[in-house]
Structure formats: structure tokens, C-alpha cells
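Here are two short exercises to work through with the model open beside you. Take your time with each one before reading its solution.

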Amino acid sequence: MNIIIFGPPGVGKGTQANRLKERYNLLHLSTGDALRGEVKKGTELGLKAKEAMDKGRLVSDDIVVGIVVNAIGNVEDANGVMLDGFPRNISQAVTLDKVMEEKDLKIDYVISLEADRDIILKRLSGRRSCKDCGKDYNIFFSPPKVEGKCDECDGEIIGRSDDTEEVHLDRLKVYENQTESLKSYYREKGLLYKIDGMATVNEVFTNINKVLDGK
Ligand code: AMP
């Protein structure tokens, strides 16, 4: 089973993806995480991507597609791949279809998490993660037990470098202008499943499970 977890930045894709990969044994491929990894390691690819990322713009398609193509070939003993943050425009979606077809694979479900703009902006502004183990938090919706300290490893809780209000608005604009139209692309293929992303984390997870278990 290959799925895309889709939705605006801050809607909770990463949180759900972490739970889904356990339950369905999927290879979780977050292009945002992969790009942040490259930036952290200081690779040439990371240096190329950083400027666009810091502004909330899309990194060029060839960089991102390269990451995805490598990972799709590496599913190994997982039951399939779960794409998170990819595709983000029509050209990426068309390339993805081609790459999947070449490997005799297909996307089975596109899970679209939906939320109002004001909730998204609040979620984005509250987003934090542990500097050491990467565990995600939100100071408004899912704060750590002790302020500033990770529940799992006691590491420091920090924000992302692209987590400023100006960048949040830019990221949402990019989503609305370039990414949201992918919903019609996948609706026409009969793959789109809309899920209310404003429900609790557990409710959202249950509703996604109902879709994935039902077919
Ligand atoms: P994310 O963690 O998914 O919000 O991604 C963080 C940043 O990485 C985005 O704001 C983009 O700059 C870049 N990025 C992630 N995925 C893609 C993609 N599929 N296409 C272009 N840029 C991407």
C-alpha cells in the first residue's frame, strides 16, 4: 500500500505520519525532513535548498524528485511508502506517477487533512521539536510535560528556522497557489479522501484508519 498524506503546512501531517508508519509498516518519506537533514549535514544539496526553505518557498523540483526517487527504490521490508510533503505541485505529481509506473507501483490513497486557516496559523506558530531526538511538540496543542524539555530524552525544545510569522504566511500562500490544486488531480483519479484535521490527534488517526482499512 502506497499513500500520500496531504494538507497545508501545520495541519498535523507529521504527527499522523509517525503513527501511520507504525501501524501499517510504511516507509515514511518526508521531503521536508530529508531536506532539513541535508541542510544540517551541510551537503551541496542542502546548501541549494536552504534559501528557498528559509523563505517558505518550494525547493526546485529536480532536488526534491531526486530524494523521492532514491527512497521509493528503497522500501525493503516495509509494506509500502507514505509520502509526506510530496508532491507539492502538478509537475511533481506527474513525475511521481511516471516513477511509480516504471517500478510497477501505484498510489492507493491520498489522505487530505483539512483545517481552517486560523487554526493552521496557530498550529504553525506553536510548533516545536526536540533538538536531540526530533520528537514533535506544539506549545498550544501538545506541549511537553516540563516547559522547554523533551519528555523522552530531556533534550532542549526548539523551533524550526522557518517558523516565523512571515514565513508561515508565505508557506500558506505557496500551498494555496501551487499545492492545493492537487486535490482535484487526485479526486479525478478517485484517490482523494478528505479527513477533518481539526479533530483531536486520536480522532484524526481513527478516521484515517477507517479509510485505509476499508478498501
Ligand atoms: P515541510 O517540512 O514539509 O513543511 O517542508 C519544509 C520546506 O522544505 C518547505 O517549505 C519547502 O521549502 C521544502 N520542501 C519540502 N517538500 C518539498 C517539495 N515536495 N517540493 C519543494 N519543496 C519542498
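**Exercise 1.** In this predicted model, find what stands opposite isoleucine 4, then place that pair in the sheet.

*Solution.* Begin with the residue itself: isoleucine 4 faces leucine 83, which belongs to β3. Next, look at the strands involved. Strand β1 spans residues 3-6 and pairs with β3, residues 80-84, in the parallel sense through three bridges. Now widen the view to the open sheet, whose five strands run in the order β2-β3-β1-β4-β8 with parallel pairing. Its edges are β2 (26-30) and β8 (192-196), each of which pairs on one side only. From one strand to the next, the twist averages 20°. Finally, add the helix: α9 (residues 201-214) packs on the sheet and touches β1, β4 (109-114) and β8. The direction of α9 makes about 155° with that of β4.

**Exercise 2.** Describe the surroundings of the ligand, working from the shell to single polar contacts.

*Solution.* Start with the shell, where 15 residues surround the ligand; the closest are Thr31, Arg36, Arg57, Gly85 and Gln92. Sorted by class, the shell holds six nonpolar, four polar and five charged residues. Helix α2 (residues 31-41) gives the largest share, four residues.

Then turn to the arginine contacts:

- Arginine 36 places a polar side-chain atom 2.9 Å from a ligand oxygen atom.
- Arginine 88 has a side-chain N or O atom 3.0 Å from a nitrogen atom of the ligand.
- Arginine 171 has a polar side-chain atom 3.0 Å from an oxygen atom of the ligand.

As a last step, consider coverage: of the 480 Å² of accessible area that the ligand has on its own, the protein covers 95%.

Note on methods
Residues numbered from 1 in each chain as written. Predicted model: local features only at pLDDT ≥ 70, side-chain atom pairs only at ≥ 80, totals over all residues. Heavy atoms only, no water. Pairing = 2+ DSSP bridges. Helix = DSSP H or I, 4+ residues; strand = E, 2+ residues; numbered from the N terminus. Axes fitted to C-alpha atoms, helices over the stretch in contact; angles between N-to-C directions. Contact = heavy atoms within 4.5 Å. Near = heavy atom within 4 Å. Polar contact = N/O pair within 3.5 Å; in protein donor to acceptor, adjacent residues only side chain to side chain. Areas by Shrake-Rupley, 256 points an atom, 1.4 Å probe, with all protein chains shown as cover. Nonpolar A, V, L, I, M, F, W, Y, C, P; charged D, E, K, R; others polar.
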